[in-house]
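Here is a briefing on one protein model. It covers cysteines, charge pairs, one helix and one loop residue.

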Amino acid sequence: MTDLYPPGRHETLRTIPWDVDAARAAIETIVADSFDAVNARGMWPVHPKDGETGSPSRADLYMGAAGVIWALDHLAREGAVAAGPSLCDHLAPMRERAHAYLVATGRQPRSYLIADAGLLLAELRLAPSPALADTLAEVIAANNEDPTLELMWGSPGTMLAALAMHRMTGEARWGDLFRAGAAALERAFLFQPEISAQIWTQDLYGAQRQHFGLVHGFAGVAFVLIQGRDLLPSADWARWSPRLAQTLAASATRGEAGITWTAGIGPARPGRIAPVQLCHGAPGMIVGLAALDQPVDELLLGGGELTWAAGPLLKGAGVCHGTAGNGYAFLKLFARTGDQLWLDRARAFAMHAIGQSGADFADTGQRRYTLWTGDLGLAAFLWDCLEGKAAFPTLHF
């Protein structure tokens, strides 16, 4: 059963019955610890596992303080916990520091998960401001032709910010920005003979490659278009929908354990099987395309079976490359099919992830204060398991 996933990245699922009280207690503990650990600048201690790979600015949505602030606000709005003290005043100086750092190091400061767009949106959610909204609109417009073409740095991420603002305000300009981004994406959606389908090429970290995954590739771009399809003309969506399905099918890899997707087109690194996690692999493809209005169920369910067979990730409880992220694939399949099996599997991963988080805290003496890789993402996942939905903060609006 290891033909499609590397067993050394996974561990055996602990058989722990679903426990509503334990899930609620874990959420409350994570939130309480987060408020206790924040410093006077609105920042949190860096976890040992994030010390070398974490975002240097420590302010962003992905692994920084803005993501923690967003998650705490999200959980309070959802009714998962009581509202805590406002941390909104910290967001503007964070944005200024992050912007300056990225400019000084030669990186563009517009992106959604790492820089200006995400930090501006986080602030606007907590304290609406016409001036900040105008600045965000300028950032999104400037990013629509960015060559990265993925969720973290590129136009798909900043299109999510436009979608969020349209949901929040109903203002026409946000729909216009989203459609402009979609038009640029269509121009860049090119046929690749290696898979006999269209795909985007990411100009990322000094290299060009066609990635498949959610954070850096096809699935993330498709996710944004699917989430905002109501903002697109019906004729445009009629072109997009079957082509996205075609690429999903053409890039799939089948085996004894189910269906997965490699990291991207081109030779894999020697001796490495594609990972099974949200950022690359079957879970991210499911999360990215589970709401597609095409008959792709066989592909998505095959990916779900592979994710279940592989088991929880050794990397920890988080979302991007951890057990909670793979659990979100099951929540998406539950939303698509209504089959209780997938909710039960998500909850099984949730109970395992609670144990992983607790063990990590015992080993290091601190929480992992990040949204996409740490305990705040786990808390959001636990809440969605309680509610039977898939609405991860910073992705769903």
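A disulfide here is a pair of cysteine sulfur atoms within 2.5 Å. By that cut-off, the structure holds zero disulfides. Salt bridges number 20. The model is predicted, so local features need pLDDT of at least 70 and side-chain atom pairs count only at pLDDT 80 or more, while totals for chains, interfaces and linings use all residues. Residues are numbered from 1 along each chain as its sequence is written, and side-chain values use heavy atoms, with hydrogens and water left out.

**Cysteines**

- A disulfide is a covalent bond between the sulfur atoms of two cysteines.
- Which cysteine sulfur is closest to that of Cys279? It is the sulfur of Cys320, at 3.8 Å, which is too far for a bond.
- The relation also holds from the other side: for Cys320, the closest cysteine sulfur is in Cys279.
- Cys279 is buried at 7% relative accessibility. Buried means under 20% relative accessible area, exposed means over 50%, and partly exposed lies in between (1.4 Å probe, protein chains only).
- Cys320 is buried too, at 2% relative accessibility.

**Gln277**

- Gln277 sits in the loop between strand E6 (258-261) and helix H10 (282-289). Helices (H or I, at least four residues) and strands (E, at least two) are DSSP runs, numbered from the N terminus.
- Gln277 counts as buried, with 4% relative accessibility.
- Its contacts (heavy atoms within 4.5 Å) include Arg9, Leu313, Lys315, Cys320 and His321, leaving aside residues up to four places away in sequence.
- Pro283, Gly284 and Asn326 also touch Gln277.

**Salt bridges**

- Side chains of opposite charge can pair when their charged atoms come close.
- The criterion is a side-chain nitrogen of Lys or Arg within 4 Å of a carboxyl oxygen of Asp or Glu.
- Arg368 pairs with Asp50, with the closest N and O atoms 2.7 Å apart. Arg368 lies in the loop between helix H13 (340-364) and helix H14 (375-387), and Asp50 in the loop between helix H1 (20-37) and helix H2 (65-78), so the bridge ties together parts 318 residues apart in sequence. Both residues are buried.
- Arg345 bridges to Glu305, with closest N and O atoms 3.2 Å apart. Arg345 is in helix H13 and Glu305 in helix H11 (residues 297-310), so this pair links parts 40 residues apart in sequence. Arg345 is buried at 12% relative accessible area, whereas Glu305 is partly exposed at 34%.
- Glu186, Asp236, Arg239 and Arg243 form one network through salt bridges that share partners.

**Helix H7**

- Within helix H7 (residues 172-188), Arg179 and Asp176 are three residues apart, or about one helical turn.
- The two form a salt bridge, and their closest N and O atoms are 2.8 Å apart.
- Arg179 is partly exposed, with a relative accessible area of 30%. Asp176 is partly exposed at 44%.
- How far should the 17 residues of H7 span? The expected span is 1.5 Å times one less than the number of residues, giving 24 Å. The end C-alpha atoms are 25 Å apart, which agrees.
- Buried residues of H7 include Trp174, Leu177, Phe178 and Leu185. Gly175, Gly181, Ala182, Ala184 and Ala188 are buried as well.
- Among the elements covering these buried residues are helix H5 (130-143), helix H6 (155-169), helix H8 (218-227) and helix H9 (234-250). Strand E1 (190-192) and strand E2 (197-199) contribute to that cover.
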